[in-house]
Amino acid sequence: MCQTTTPKTVTLANGELTVEISRRGARPIGATLKDPKYAANHLADLVTPEIVNAKALAPLAPWFGDAGESQIPANAPFLVTSSAGGATAVLQYRGLDGLELTRTYRIGKLYTLSLTETYANRGAAPVSGRPGAIWVVNDHKAARGEAFEPGAAVNARYQYKPPKNAEDEKRTYSGPVDFVAISDRYFTAAVAPVEPRFDGPDSVRFRRPAKDTLEVLGLAEKVTLGPGETKTLTYEVYLGP
């Protein structure tokens, strides 16, 4: 008997960038730049499959919840419902409460890709939460004086001061969000909410959820979905120099 297996990852690529999307969380777990001049300084530190000291978090993991926790786990099992020639990928998850999330990735030009999220309530009771965009890294470079830097364009200002420790919760900002990001000396991972634009109280937070871990979270306003209702959000993602 011939058995077939479902691939654990989907690869998207253009002439400059290759991104590996995992079925666990429908999130990027690897990214490489094709230009040889970037061979020594790749994106592996920004796009990592696991956060060592905060395993419940991951770069661009699904987020629907509050400022502290997502109702959809970072490693939630998604099904690949469509994949076309390294250009697009569609992955879908449904929780026990009936909350369904479909994530559609499309590779763009140069160092970009787009992400469309559609939440649907397939259950019998309303579901509520704040959709969000998260990026998180293992901040192991701090000991070498090469720490990552959070970033966010929020309320017409660029914020970048990192929290010193897990107890420092002062790095919260309100207002319209252009993008959230984490950068090192060479590269940046950034997510820009396109539609709807994030705009509300505590719409951006910088946090250290655990030792040697740096998180940037952008949050939309709260959404309540009745049975059968849907909500779609779109983002642009940048992974490059």
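Select Tyr 160 to begin: this residue is partly exposed, with a relative accessible area of 46%. The model on the screen is a predicted one. Next, add Tyr 158, which counts as partly exposed at 41% relative accessibility. The ring centres of Tyr 158 and Tyr 160 lie 6.0 Å apart and their planes meet at 20 degrees, so the pair is stacked. The cut-off behind that term is a plane angle under 30 degrees.

Now select Tyr 186 and Phe 187, a second aromatic pair. Here the geometry is tilted, with 6.4 Å from centre to centre and 45 degrees between the planes. Are these two residues buried, exposed or partly exposed? Tyr 186 is partly exposed, at a relative accessible area of 42%, whereas Phe 187 is buried, at 2%. Add Tyr 38 to the selection, and one aromatic cluster is shown, formed by Tyr 38, Tyr 186 and Phe 187. The count of aromatic pairs in the model comes to nine.

**Around strand β12**

Proceed to strand β12, residues 172-183. Which strands pair with β12? Select strand β13, residues 188-195, and display it with β12: the two pair in the antiparallel sense over four bridges. Together, β12 and β13 form a hairpin with four residues between them. To find one point of contact, highlight Ala 181, which stands opposite Ala 190 in β13.

Strand β14, residues 199-207, is the next selection; its pairing with β12 is antiparallel and runs over four bridges. Here Gly 175 stands opposite Gly 200 in β14. Then select strand β10, residues 149-154, which pairs with β12 in the antiparallel sense over six bridges. Highlight Val 154 in this view, and its bridge partner in β12 is found at Val 177. In general, the strands of a sheet pair through backbone hydrogen bonds, either parallel or antiparallel.

**A buried tryptophan**

Select strand β9, residues 127-138, and within this strand pick out Trp 135. This side chain counts as buried, since its relative accessibility is 1%. For a sense of distance, select Thr 224 as well: Trp 135 and Thr 224 are 89 residues apart in sequence, and their C-alpha atoms are 24 Å apart in space.

**The sheet of β1, β2 and β3**

Turn next to the sheet formed by strands β1, β2 and β3. These three strands form an open sheet in the order β1-β2-β3, with antiparallel pairing. Its edge strands are β1, residues 9-13, and β3, residues 27-33, each of which pairs on one side only. On average, neighbouring strands of this sheet are turned by 20 degrees against each other, direction ignored. Select β2, residues 17-22, together with β3 to see an antiparallel pairing over six bridges. Within this pairing, Leu 17 stands opposite Leu 33 in β3.

**The largest pocket**

For the final stop, select Ala 56, Leu 57, Trp 63, Glu 69 and Ser 70, the lining residues that lie nearest the centre of the largest pocket. How many residues line this pocket? Its lining comprises 14 residues, and the pocket has a volume of about 150 Å³. What classes of residue make up the lining? By class, 10 are nonpolar, three are polar and one is charged.

Terms used:
Residues are numbered from 1 along each chain as its sequence is written. This is a predicted model: local features need pLDDT of at least 70, side-chain atom pairs count only at pLDDT 80 or more; totals for chains, interfaces and linings use all residues. Side-chain values use heavy atoms; hydrogens and water are left out. Two strands pair if DSSP finds at least two bridges between them. Axes are lines fitted to C-alpha atoms, for helices over the stretch in contact, and angles run from 0 to 180 degrees between N-to-C directions. On a 1 Å grid over the protein atoms alone, a cavity is a set of points where a 1.4 Å probe fits but cannot get out, and a pocket is an open set with protein on both sides within 12 Å along at least five of seven lines; lining residues have an atom within 4 Å of a point. Grid points are joined across faces, edges and corners, and a volume is the space filled by probe spheres set on the points. Ala, Val, Leu, Ile, Met, Phe, Trp, Tyr, Cys and Pro count as nonpolar, Asp, Glu, Lys and Arg as charged, and the others, Gly among them, as polar. Rings of Phe, Tyr and Trp (its six-membered ring) pair if their centres lie within 6.5 Å; planes under 30 degrees apart count as stacked, over 60 as edge-to-face and the rest as tilted. Buried means under 20% relative accessible area, exposed over 50%, partly exposed in between (1.4 Å probe, protein chains only).
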